[in-house]
Every structure is written in C-alpha cells, then in structure tokens.
Amino acid sequence: MRQQYAVRTLLLVAGLVVVGLAVIVQMIRIQNSEQAKIFLSQGDMYSGEFRMFYPERGEIYDRNGHLLAGNRTVYEVGVSLSQMTDPQALAYILGTYLGLTYEEVYNQLTNSPKSWEYIVIQDYVGDETVSALQQLVQQMKDVDDDSLSGLGFKPHFQRSYPEDALASNVLGFVTRDGRGYFGIEEKYNDLLAGNPVQVWVPTDPNKASEIPKVPNGTTLVLTINRDLQAKVENILDQSLTNYGAENGAIIVMDPNNGEIFAMATTPRLDLNNYTDYFSLYDNGSQYNRSIGMAYEAGSVVKILTMAAALDTGTVTPSTTFIDTGSIEVGGITIHNWDRQPWGQQDMIGCLQHSLNVCLAWIATQMGTQTFYGYMERFGLGHPTGIDLSGEAMGRLKVPGDTDWYNVDLGTNAFGQGVTVTPLQLLMSASAIANDGKMVTPHVLYSMLRDGHQYNVPSQYAGSPIKAETARTLNEMLAISLEGESSSALVPGYRVAGKTGTAQIPTEYGYNESQTNASFIGWGPVDDPRFLIYVWIQKPTTSIWSSETAAPVFSQVAEQTVILLNIPPDMVRNQFGTR
Amino acid sequence: MQAQATQIIHAYKQAPWRVQRQYVGAFLLAVIGTSMIAALYLQVTAGAARAGREIQEMRVQITAIQRANADLETQLANLTSTTEMERRALEMGYRPVKPGELDYVAVPGFVAPEPAILLAAEDVVQYSHPLPFEYTQSLIEWFDDRVKAGDY
C-alpha cells in the first residue's frame with residue numbers, strides 16, 4: 001500500500017516538476033524574446049521623461065545698475081483631464097477669472113481628444129490672477145469640495161521691461177517664443193538666452209538623478225545712462241511737437257571711447273506690449289532711425305570735407321575764397337543755400353555761413369581721389385560696427401560707380417547725394433573731437449557671467465586725420481558757432497559744431513519745402529566729453545536747422561553736463577579738474 | 001573485524017536528532033542572513049529614496065526662490081523707474097536742477113567713481129557636483145560594481 005502511494009507521489013512530484021520547469025523555460029524564453037525587448041523599451045519610456053531646463057534670460061542694466069530688462073513669473077493655467085470632476089464649475093471659474101467665455105472653456109474641457117491628459121486653458125497669466133485662483137482652490141478644498149480638482153498652474157518666466165518704452169530702440173524686445181528682435185535683445189540673443197539643457201528625469205525616486213544646474217543667461221550692462229536717456233527722449237518728443245516735425249533722433253556719445261550714453265528715436269515701442277510693433281512701424285529700419293535709416297544729412301558733412309582739406313594742406317583756416325554765389329562742377333552750376341554771393345571769406349567764414357560754393361571749390365582743389373579717399377577713411381558708406389542689430393550703411397557714390405557723375409564731387413562736398421545714418425556721422429566726427437582718432441560706437445559696457453564681470457574694451461576705427469588737423473578744425477568750428485551767436489551755444493561751456501539743412505530728394509528732384517534738419521556738436525572744446533547728433537525730420541515751423549536742431553543740441557548738452565557731472569569751463573580751468 | 005568497525009562507526013555517528021538540529025540551525029542561519037541582507041538593502045534603498053526626494057524638493061525650492069528673486073528685482077525696478085522716481089520727487093516738492101544753479105566744489109585727491117563694478121557680483125556659481133554614488137546606488141549595484149572592478 002505504502003509502495004503504491006509512493007509511486008503516485010513520485011508521479012505527482014514529477015508532473016509538478018515538469019510543469020514548473022515548463023513555466024521556468026517559458027519565462028526565460030519570453031524574457032529573452034524579441035517582443036520582450038520591445039516591451040522593455042516601452043517600459044523604459046514610462047520610467048521617466050526628458051525634461052528641458054531653460055535658463056533664466058540674462059538681465060540688461062544701464063551703466064549705473066538700473067534694471068532695463070528683467071524677468072517676471074507668469075503662469076500656464078491648465079487642467080489635468082483625468083483628475084477633472086466638474087467641467088461646468090471649472091468652465092465657470094476659469095471663464096470668469098481669465099476673461100474667457102463659459103462656452104469656450106467648457107468646449108475645450110469636454111471636446112478634447114481622448115488621448116489628451118492635460119489641456120492648456122491660457123498661458124502668460126499674471127501673478128495676481130493665479131493667486132486669486134489658488135486661493136479659491138484652497139477654500140474649496142477646505143470644505144471638501146473637489147469641483148476644481150485637476151486645475152493646475154505651471155510657472156515660467158516672461159521678459160519684463162520696468163521702464164516700458166524707455167530706450168526701446170536700443171533694447172529691442174523678446175517674443176513669447178523667447179527670441180530677441182532688434183537692438184541688444186537680437187544682437188546678443190545667444191548670450192542672453194543661455195543654453196537650455198535636456199535631462200532624463202526618472203520617476204523612480206530610487207534613481208534620483210542629478211538635475212544639472214543650468215547657468216542663467218549672461219547679464220549685460222550697457223553704456224546707456226538711464227537718466228540721460230529719459231531726458232533726451234523728453235527733449236526729442238517736445239522738439240517734435242514744438243517744430244511740428246515728423247520724427248527724429250538724438251544720440252549722445254563719449255568721443256573718447258565710443259560709449260553711447262543715450263540714443264533716442266521716435267516712435268518708441270512699449271516693450272511690454274511689443275505686439276504694437278506692426279501699428280507703429282512700416283518696416284524694420286524705422287525701429288531705430290539712429291542706425292537704421294540713412295538720409296542726406298546736408299551741411300553737417302562739410303566738417304569732413306574741411307577736415308580732409310586741412311589735413312592735406314589744400315587749405316588753412318586763413319585761406320581766402322571769393323564767393324560769387326555759384327560754381328560750375330562737372331558742367332552743372334552749384335549755388336549757395338540762399339543763392340547769394342558772400343564775397344571774400346576765410347575758411348571759418350565758409351563753415352560759419354555754410355557756403356556750398358566754397359566747399360565745392362575745396363573739393364575740386366583736393367581732387368576726386370583725395371576727397372573720396374578721405375570720405376572712405378571717415379567710414380562713409382560702411383557700417384560703423386555698433387553692437388546693435390539692424391544697422392544701415394548708407395551710400396557713398398564713388399568714381400567708377402555707374403551712377404557717379406563729375407558734379408557729385410561738388411555736391412557730395414556739402415552733403416548732397418551722399419546718404420549717412422546719424423551714427424555714421426557721429427563716428428566720423430569723433431575723429432575731429434578726439435585728436436584724429438575715430439572710435440567705434442558701442443552700447444555694451446560689460447558682461448556678467450558666473451559671478452565675473454568682463455568689460456568691453458573700446459575700439460579705434462583708424463585715424464583719418466592728424467591730431468593737429470583735428471585740433472585746428474575743432475577751434476574753427478567753435479569760433480564759427482560763437483561768431484554767429486548760434487542757438488546751439490551752451491552757457492558756461494565752449495562747444496563746437498555744425499548745422500545741416502538738407503532738402504529731401506524725391507523722384508522729381510529736391511523738395512524745397514521739406515527738409516531734414518541736423519546738428520552735430522561736441523564739448524567742452526578743450527577736452528571733449530560728449531558728442532551729440534540731432535536729427536529733426538521734416539520740421540514745419542522752420543525748415544532751418546539753425547532754428548530747430550541747433551537749439552535742441554543746446555538743450556541736450558545742458559542736460560548732459562548736469563547728468564555726467566561735467567563742470568563749466570571756468571570751474572574746470574580754475575581747479576584743473578575733468 | 002567487521003563488527004568492530006561497525007561499533008566504531010556507531011560510536012562516532014551523530015544521533016539523528018543532532019543531525020536534524022544541525023539542518024534546522026543551518027536553515028535558520030540562512031534565513032537570518034538573508035533577512036539581515038534584505039533589511040540592510042531596504043535601509044540603503046529607503047535612504048537613497050529619501051535623499052532623492054529631498055533633493056527634488058530642494059530643487060523645487062531653489063527654482064521657487066529664483067523666481068521670487070527675479071520677481072522682486074523687477075518689482076523694485078518698477079518702483080524706481082524714471083517716471084515713478086520723477087513723480088515722487090515732484091510730489092515731494094523737488095524740481096529739475098538748472099545748469100546755473102549747480103555749485104562745483106573741488107576736492108583734492110577725489111577721483112570720480114567710474115562704473116567699474118556696477119552690480120553686486122552674482123552668487124558665486126554653484127558648480128554642479130554630481131551626487132555621490134552612495135545616494136543613487138543600490139547594494140546590489142554597488143556589489144556588482146565592486147565585482148566588475150575586481151575588488152572581490
């Protein structure tokens with residue numbers, strides 16, 4: 001009997017062993033099959049997620065540490081559909097708080113594809129609205145009401161400009177996709193944006209992965225002086241109103257190193273509402289007229305012609321010229337601005353009375369090659385290389401160009417037929433104000449990264465004229481302003497400068513009723529600390545720059561000396577201070 | 001002779017209850033050893049999990065603080081913007097200075113400050129130190145690594 005049971009037991013055990021072995025074999029086979037690999041890889045997909053970590057965009061400060069562009073937290077408001085219990089309540093609350101209609105939100109919540117887990121109701125929602133919503137959610141939770149369950153808020157950064165439209169033409173703006181447009185934001189977009197890092201984040205807490213520290217974007221410090229920028233913008237706006245002008249631009253620069261203190265243009269965009277861009281501008285070149293719009297600046301170019309003539313020894317300050325009111329160059333007769341003869345003049349008189357005939361004569365005395373050689377060295381027809389995006393380079397026709405004629409030598413000498421941007425002329429004039437050394441204008445003062453400050457060195461753009469020539473012309477321009485009791489003069493400070501009134505070219509020739517009024521000037525003459533360019537486009541109360549741009553220069557210079565702490569000449573000479 | 005040999009074997013053979021006790025003892029030893037290893041493994045993995053969670057929470061806190069910091073900076077900039085400062089100055093009875101109203105005083109040896117270091121340096125960068133393996137590795141992974149390294 002025992003023997004019989006023993007056999008049965010053995011058979012049962014053998015059967016169970018066989019079944020067990022079969023199960024194990026099958027397990028091993030499945031584990032190592034092709035399908036298992038697919039399942040494993042699918043499983044891995046849910047073991048974590050690739051997450052992109054975006055660095056905070058670098059901030060932008062003015063030269064005195066005032067924030068011009070920063071970041072603020074905004075929220076993406078969304079609903080987790082699997083956790084949603086009451087779409088009606090959510091639609092009502094979100095519609096009320098986010099300014100949406102009930103139907104709009106309800107349709108989004110109930111008609112979304114079934115595969116969707118999460119739905120975004122609105123992005124870039126401000127802190128106040130989200131705080132109110134969070135408070136409401138908490139209140140409902142406190143009374144065990146889960147009507148708003150599933151509602152979520154994801155914070156992220158949005159660019160913020162505390163000064164609104166101030167220096168908007170210099171700063172540019174950042175769109176919601178994080179890309180910078182115009183100005184600093186575009187030029188230094190890669191530096192400001194930093195490098196996003198993609199990381200695999202496992203959901204298993206045992207595999208707590210190291211989330212790398214994503215360094216913030218580089219913070220930039222500009223050469224702009226915020227307070228001076230605000231003053232200059234106010235003066236420009238007021239001037240456009242006073243003179244009935246269309247638009248304008250003013251730049252204030254340090255002639256010693258090319259640092260831009262202020263750069264104001266119109267119209268200006270409120271950077272916190274950058275979508276207004278399309279209603280303000282017809283094209284990108286209008287965004288910053290100081291660098292983007294080349295125009296015929298007229299007589300301000302005469303200072304470059306005179307600089308070239310003095311440098312080559314073609315004339316000296318005392319060289320006399322008998323002005324008969326007209327001169328023929330290349331078969332075309334050139335007249336003075338008033339079509340009158342001014343008789344015997346020295347070179348200071350030619351500048352003081354802005355005589356086209358005299359300057360055309362000087363250019364013919366220099367000769368084509370010399371004149372255009374100097375204009376090239378002054379940088380006309382080339383971009384200045386300023387660190388702002390959207391710079392135009394103007395046009396300087398030179399002999400050999402199909403549209404260059406012999407008369408161009410005479411007209412170009414007094415600024416007709418040559419287009420420049422205000423910044424180009426400012427850079428050219430820096431050679432006169434800075435002992436012959438021309439500086440490259442720039443707006444970046446330094447970069448802050450990883451706790452270190454990297455200052456941007458000044459760059460010279462050549463020496464188109466000798467130091468002696470620069471000093472001579474400096475003196476001539478100061479005397480010419482003083483001689484005519486110009487409205488550009490600044491009480492207490494000796495300044496040098498030149499007006500420019502240019503008729504505006506049209507398809508049918510020059511429009512005599514519309515002008516571009518410009519003024520370029522600097523001071524103090526013995527130690528120039530500021531270089532100012534004023535452009536008033538189409539003034540209507542007076543077409544003359546001596547009555548429009550020149551007094552604006554004076555106002556800007558008065559504010560500049562106050563805000564840059566430049567003592568009057570008498571005080572400086574008395575104490576020997578800068 | 002054979003009987004003598006059987007006697008010797010019987011004399012040295014352990015009693016059956018002794019053998020059983022040895023088996024039970026060995027089994028219990030194995031159970032205790034396994035339990036100890038399991039407990040140790042649990043402790044290590046639980047510690048790693050707790051540390052992982054803490055790190056994640058700290059990371060969230062850091063992000064929140066950075067956001068709050070950026071918000072406060074922007075808020076401060078709004079409160080000290082040119083328009084706001086001008087409005088407050090006018091309210092307090094100040095007015096813009098005119099060039100002729102300024103008095104300059106020469107101070108021997110004084111050099112006007114240049115904007116050399118404009119801002120407080122940013123926080124010294126927190127270089128990203130990778131988590132030590134002790135915080136992320138299970139006991140088995142650690143042992144596996146040691147074996148592969150030829151330590152055992």
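A helix crossing is called left-handed when the near helix is turned anticlockwise from the far one by less than a right angle, and right-handed when the turn is clockwise. The views below are taken from a predicted model, whose overall scores are ipTM 0.79 and pTM 0.83.

**View 1. Helix H12 of chain A crosses helix H18 of chain A in a right-handed sense.** The axes of H12(A) and H18(A), the latter covering residues 467–483, come within 10 Å and cross at roughly 135°. H12(A) is therefore oblique to H18(A), since an angle over 145 degrees would be needed to count as roughly antiparallel. On the H12(A) side the contact is formed by A:Ile303, A:Met306, A:Ala307, A:Leu310 and A:Asp311, and on the H18(A) side by A:Thr469, A:Thr472, A:Leu473 and A:Leu477. By residue class, this contact comprises 6 nonpolar, 2 polar and 1 charged.

**View 2. Helix H12 of chain A packs against helix H14 of chain A with a left-handed crossing.** H12(A), residues 302–312, and H14(A), residues 356–366, have axes 10 Å apart and pack at an angle of about 40°. That angle makes H12(A) oblique to H14(A), because only angles under 35 degrees count as roughly parallel. From H12(A), the residues A:Lys302, A:Thr305, A:Ala308, A:Ala309 and A:Thr312 meet A:Leu359, A:Ile362, A:Ala363 and A:Met366 of H14(A). The residues of this contact divide into 6 nonpolar, 2 polar and 1 charged.

**View 3. Helix H9 of chain A passes helix H19 of chain A in a right-handed crossing.** The axis of H9(A), which spans residues 226–243, comes within 10 Å of the axis of H19(A), and the two cross at roughly 165°. H9(A) is therefore roughly antiparallel to H19(A). The contact draws on A:Asp227, A:Leu228, A:Lys231, A:Val232, A:Ile235 and A:Ser239 from H9(A), and on A:Val552, A:Gln555, A:Val556, A:Gln559, A:Thr560 and A:Leu563 from H19(A). Sorted by residue class, the participants are 6 nonpolar, 4 polar and 2 charged.

**View 4. Two loops of chain A hold a proline that follows a cis peptide bond.** Most peptide bonds are trans. The bond from A:Thr266 to A:Pro267, by contrast, is cis, with omega near -10°, and A:Pro267 sits in the loop between strand S11 (260–265) and helix H10 (277–280) of chain A. A cis bond also joins A:Gly523 and A:Pro524, here with omega at about -20°. A:Pro524 belongs to the loop that runs between strand S21 (509–523) and strand S22 (530–537) of chain A.

**View 5. A:Lys538 adopts a positive phi.** Most residues other than glycine have a negative phi. A:Lys538 is not a glycine, and yet its phi is about 55°. This lysine lies in the loop between S22 and helix H19 (549–563) of chain A, and that helix is the one shown against H9(A) in View 3.

**View 6. Chain A is assigned two domains, domain 1 and domain 2.** Domain 1 covers residues 56–162, whereas domain 2 is made up of the segments 226–270 and 288–575. The centres of the two domains, taken over C-alpha atoms, are separated by 53 Å.

**View 7. The confidence of the prediction varies along chain B.** The mean pLDDT of chain B is 81, with 82% of its residues reaching 70 or more. Among the elements of this chain, helix H3 (residues 82–91) has the highest mean pLDDT, at 94, and helix H4 (residues 133–136) has the lowest, at 68. Over residues 120–128 of chain B the pLDDT is below 50, and beyond near neighbours in sequence this stretch has 11 contacts in the model.

Notes. Residues numbered from 1 in each chain as written. Chains lettered and ligands numbered in written order. Predicted model: local features only at pLDDT ≥ 70, side-chain atom pairs only at ≥ 80, totals over all residues. pLDDT = per-residue confidence, 0-100. Helix = DSSP H or I, 4+ residues; strand = E, 2+ residues; numbered from the N terminus. Contact = placed C-beta atoms within 7 Å. Axes fitted to C-alpha atoms, helices over the stretch in contact; angles between N-to-C directions. Parallel < 35°, antiparallel > 145°, perpendicular 65-115°, else oblique. Nonpolar A, V, L, I, M, F, W, Y, C, P; charged D, E, K, R; others polar. Domains from an automatic or database assignment.
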